[in-house]
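Dear colleague,

I am passing on the structure below, followed by notes on what turned up when going through it. Please read the notes with the coordinates open beside you.

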Amino acid sequence: MFAFTLFVLFVFFILYKLLLIVPMREVNVIERLGKFRAVLQPGFHFLIPFFDRVAYKHEIREQVLDVPPQSCISKDNTQLEVDGLVYLKVMDGKFASYGIEDYRRAAVNLAQTTMRSEIGKLSLSQTFSERDSLNESIVREIDKASDPWGIKVLRYEIKNITPSRHVIHTLEKQMEAERSKRAEITLANAEKAAMINLSEGERQEAINISEGQKQKRINEAKGTAQEISIVAKAKAEGMELVSAALAVNGGIEAMNMQLKEQFIGQIGKILEEADVSVVPAEMAKLEGFFEGMEQVTQTVKGGRS
C-alpha cells in the first residue's frame with residue numbers, strides 16, 4: 001500500500017511537471033537544462049519533466065509603477081520635489097528576463113534620472129505650464145533607453161510638483177505684488193477713462209453752446225433782416241400812399257392840416273412834461289410857419305408833377 005501511494009504521488013508529480021497552464025494575463029519563460037528554450041503564451045502546454053522549467057513569469061497587462069518623490073533643480077535654480085507614475089507593458093518576455101535584472105526597478109530609476117534632467121531644462125513657471133510636454137519628453141527618453149529590456153513605456157504622469165517652503169513664500173509675495181499691481185493699473189485706467197469722458201463731455205458741451213450761440217446769432221440776423229425788409233417795405237408803401245394822396249385834389253391841404261395838428265400836439269406834450277415852462281420864440285409867428293410849410297408842400301408837388 002505504501003509503495004502504491006508512492007507510485008501515485010510520483011505519477012502526479014510527473015504530470016505536474018509535464019503539464020503547464022499559462023494564465024491569460026501573463027507569459028512564462030521556459031529554460032531547458034538552464035538554457036532559454038521558449039516563451040509560452042497563455043494556454044495549455046507540455047513540458048519535459050526534469051529538463052524543462054519555468055524560469056520567469058511576466059505580467060503582460062499594463063503596469064503602473066510609482067515613482068517616489070525626489071528633489072530636482074529647475075533652470076532658474078529653484079528646488080522642487082517631484083513625483084509621478086510610469087505606465088509600461090512587457091512586450092518581449094525573453095528580453096524582459098535576460099535583458100535586465102529587474103525592469104521595474106530599472107524603469108523607476110530611469111524615470112527619476114530623466115525627470116531630473118528634463119526639469120533642469122525648464123524654469124519654475126514652465127514646469128507648471130508645460131507639464132504635458134514634460135511628460136512626453138520623459139516618456140520618449142525612457143522608451144528609447146528601455147527598448148533592449150523588452151518593455152514599452154506607454155506614458156508618464158507627474159503627480160505633484162512641490163516647491164520648497166521658501167520658494168512658496170516668495171511666490172505668495174510675488175502673487176500679492178502682482179495683484180496689487182493689477183489693481184493699481186485698473187484704478188489708473190478707470191481714472192484715465194473718467195478724465196477722458198469728462199473732457200469729452202466738456203468739449204461736447206462747449207461745441208453745443210457755440211453751435212447754439214451761432215444759431216442764435218443767425219436767427220437774430222435773419223430776424224433783423226426781415227424786420228428791416230418789412231419796415232423798408234412799409235415805408236415804401238407809405239411813401240407811395242402819401243404821393244398818391246398828394247396827387248389828389250385837396251391832398252396838399254389835408255397834409256398841411258395834419259402837420260399842423262401833429263406840431264400842436266407835440267408842443268402840448270412838451271409843455272405838459274417839462275418842469276420849466278418852455279415857450280418857443282416863434283410862437284407868435286405860427287401862422288407864418290404854417291404858411292411856409294404850405295409853400296414847401298406846394299413846391300414838392302410842383303416838382304413831382
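Ile30 stands opposite Ala38 in β3, and since the model is a predicted one, please take this pairing, like everything that follows, as a property of the prediction. The two strands concerned, β2 (residues 26-32) and β3, pair in the antiparallel sense over five bridges. They belong to an open sheet of three strands, in the order β3-β2-β5, with antiparallel pairing; its edge strands are β3 (35-40) and β5, each of which pairs on one side only. On average, and with direction ignored, neighbouring strands of this sheet are turned by 25° against each other.

The edge strand β5, which covers residues 52-59, contains Glu59, and this residue may deserve your attention. Is Glu59 buried or exposed? With a relative accessible area of 18%, Glu59 counts as buried, because the cut-off for that class is under 20%. The side chain of Glu59 is joined to that of Arg61 by a polar contact of 2.3 Å. If neighbours within four places in sequence are left aside, Glu59 is in contact with Arg25, Glu26, Val90 and Arg104.

Turning to the nonpolar interior, the largest nonpolar core has 31 residues, and those with the most contacts inside it are Val82, Tyr103, Met115, Ile119 and Tyr156. Two or more residues each are given to this core by β6 (63-73), β7 (79-90), α3 (103-119), α5 (131-146) and β8 (151-163), and the largest share, eight residues, comes from α3. A second, separate core of six residues includes Leu20, Val22, Ile30 and Leu40, which brings us back to the residue that stands opposite Ala38. As a general background to both cores, nonpolar side chains tend to be buried together in soluble globular proteins.

Tyr103 has, apart from its neighbours within four places in sequence, contacts with His58, Gln63, Leu88, Val90, Ala96 and Ile151. Val90 thus appears in this list and also among the contacts of Glu59.

For the chain as a whole, there are eight helices and eight strands, and buried residues make up 24% of the 305 residues. Of the contacts between residues at least 6 apart in sequence, 65% join residues at least 24 apart. The chain exposes about 21,600 Å², of which carbon and sulfur atoms supply 59%.

With best regards

Notes:
Residues numbered from 1 in each chain as written. Predicted model: local features only at pLDDT ≥ 70, side-chain atom pairs only at ≥ 80, totals over all residues. Heavy atoms only, no water. Helix = DSSP H or I, 4+ residues; strand = E, 2+ residues; numbered from the N terminus. Buried < 20%, exposed > 50% of the residue type's maximum accessible area, 1.4 Å probe, protein only. Polar contact = N/O pair within 3.5 Å; in protein donor to acceptor, adjacent residues only side chain to side chain. Contact = heavy atoms within 4.5 Å. Pairing = 2+ DSSP bridges. Axes fitted to C-alpha atoms, helices over the stretch in contact; angles between N-to-C directions. Areas by Shrake-Rupley, 256 points an atom, 1.4 Å probe, with all protein chains shown as cover. Core = buried A, V, L, I, M, F, W, Y, C linked by side-chain atoms within 4.5 Å.
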